[in-house]
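I opened this entry to record what I looked up in the structure. My notes follow in the order I took them.

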Amino acid sequence: YVAGLNALRARSIVEHRDQNGPFPSRDELRKVKHVGRKTFEQAAGFLRVHGGANPLDATAVHPERYPLVQRLARACGVTPGELLCNETLLQGLNPAQFVDPETSVQVVQDVLSCLTVPLQDPRPPFQLVHRNQGARTLAELKPGATVAGIVRNVTQFGAFVDLGVGRDGLLHHSELGRPGQLFVTLGVGQTLEVVVASVDLQKGRVSLQLPRRT
């Protein structure tokens, strides 16, 4: 899973590469059909370009943080590329010295971590959904069935849960504190057990509930 990408955009990236050769930089992604400004902002930190002119393109550092890396490098008297994996230099930097109105201490610390282990994937380990009752498609989901899912997004009106059937189910926020229901605090990537409340095949919607206490 890569933030900002769906099947169409991912296919467009592959087609662009096949037609034009390997991407020389992350910035080249802006030229891909269906990859707009917002998509680039969301996905760029997860898409790596190896062998390009900018060594930061092969790291987890987001392009919008490249200026910060340049400041860090200047403070050490080296190039950005020479900072990569250089624990001696990186550990000698004081994050507080690089804070500004747009950059918090936490941001600086995150960037330093990315530079220390540049090939590390910042996303949590991907978890497979263990399907219950043999449901592999939306049509096979039955109201009342208890299934396992993974939280993929949390919004003000509820959480979208990946059930492994091609469509995420919606767990409405009202479920989180209803009397007789489990009270949980949800986070992206969290695995939880839910009950299928209803399935609308025509609209491709699945409503979910939390299991009742027993």
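I began with the pairing of β1 and strand β2, the latter covering residues 158–162; the two run antiparallel and share five bridges. To fix the register I looked up Val151, and its bridge partner in β2 is Val161. I note that this is a predicted model.

Next I went to the other pairing of β1 on my list. Strand β1 spans residues 146–155 and also pairs with β4, in the antiparallel sense, over five bridges. Here I noted Ala148, which stands opposite Glu193 in β4.

From β4 I moved on to β5. Strand β4 takes in residues 191–200 and strand β5 residues 205–209, and these two pair in the antiparallel sense over five bridges. The register point I wrote down is Ser198, with Ser207 opposite in β5.

I then asked in what order the five strands close into a barrel. I read the order as β1-β2-β3-β5-β4, and the pairing is mixed. From one strand to the next, the twist averages 50°.

A general reminder I put in the margin: side chains in a regular strand alternate between the two faces of the sheet.

I stopped at the loop between β4 and β5, where I found Leu201. Is Leu201 buried or exposed? I have Leu201 down as exposed, because its relative accessibility is 54% and the cut-off for exposed is over 50%. I also checked which residues Leu201 touches, leaving aside those up to four places away in sequence: they are Leu138 and Ala139. For Ala139 I took the C-alpha separation from Leu201 as well, and it is 6.8 Å, with the two positions 62 residues apart along the chain.

Last, I stepped back to the chain. How many helices and strands does the chain have? I count six helices and five strands. Reading from the N terminus, I get the run α-α-α-α-α-α-β-β-β-β-β, with the helices ahead of the strands.

I closed with the totals. The chain has 214 residues, of which 36% are buried. For contacts between residues at least 6 apart in sequence, I have 53% joining residues at least 24 apart. The exposed area of the chain is about 12800 Å², and carbon and sulfur atoms supply 52% of that area.

How values were computed
Residues are numbered from 1 along each chain as its sequence is written. This is a predicted model: local features need pLDDT of at least 70, side-chain atom pairs count only at pLDDT 80 or more; totals for chains, interfaces and linings use all residues. Side-chain values use heavy atoms; hydrogens and water are left out. Two strands pair if DSSP finds at least two bridges between them. Helices (H or I, at least four residues) and strands (E, at least two) are DSSP runs, numbered from the N terminus. Axes are lines fitted to C-alpha atoms, for helices over the stretch in contact, and angles run from 0 to 180 degrees between N-to-C directions. Buried means under 20% relative accessible area, exposed over 50%, partly exposed in between (1.4 Å probe, protein chains only). Contact means heavy atoms within 4.5 Å. Accessible areas come from the Shrake-Rupley method with a 1.4 Å probe; for residues, only the protein chains shown count as cover.
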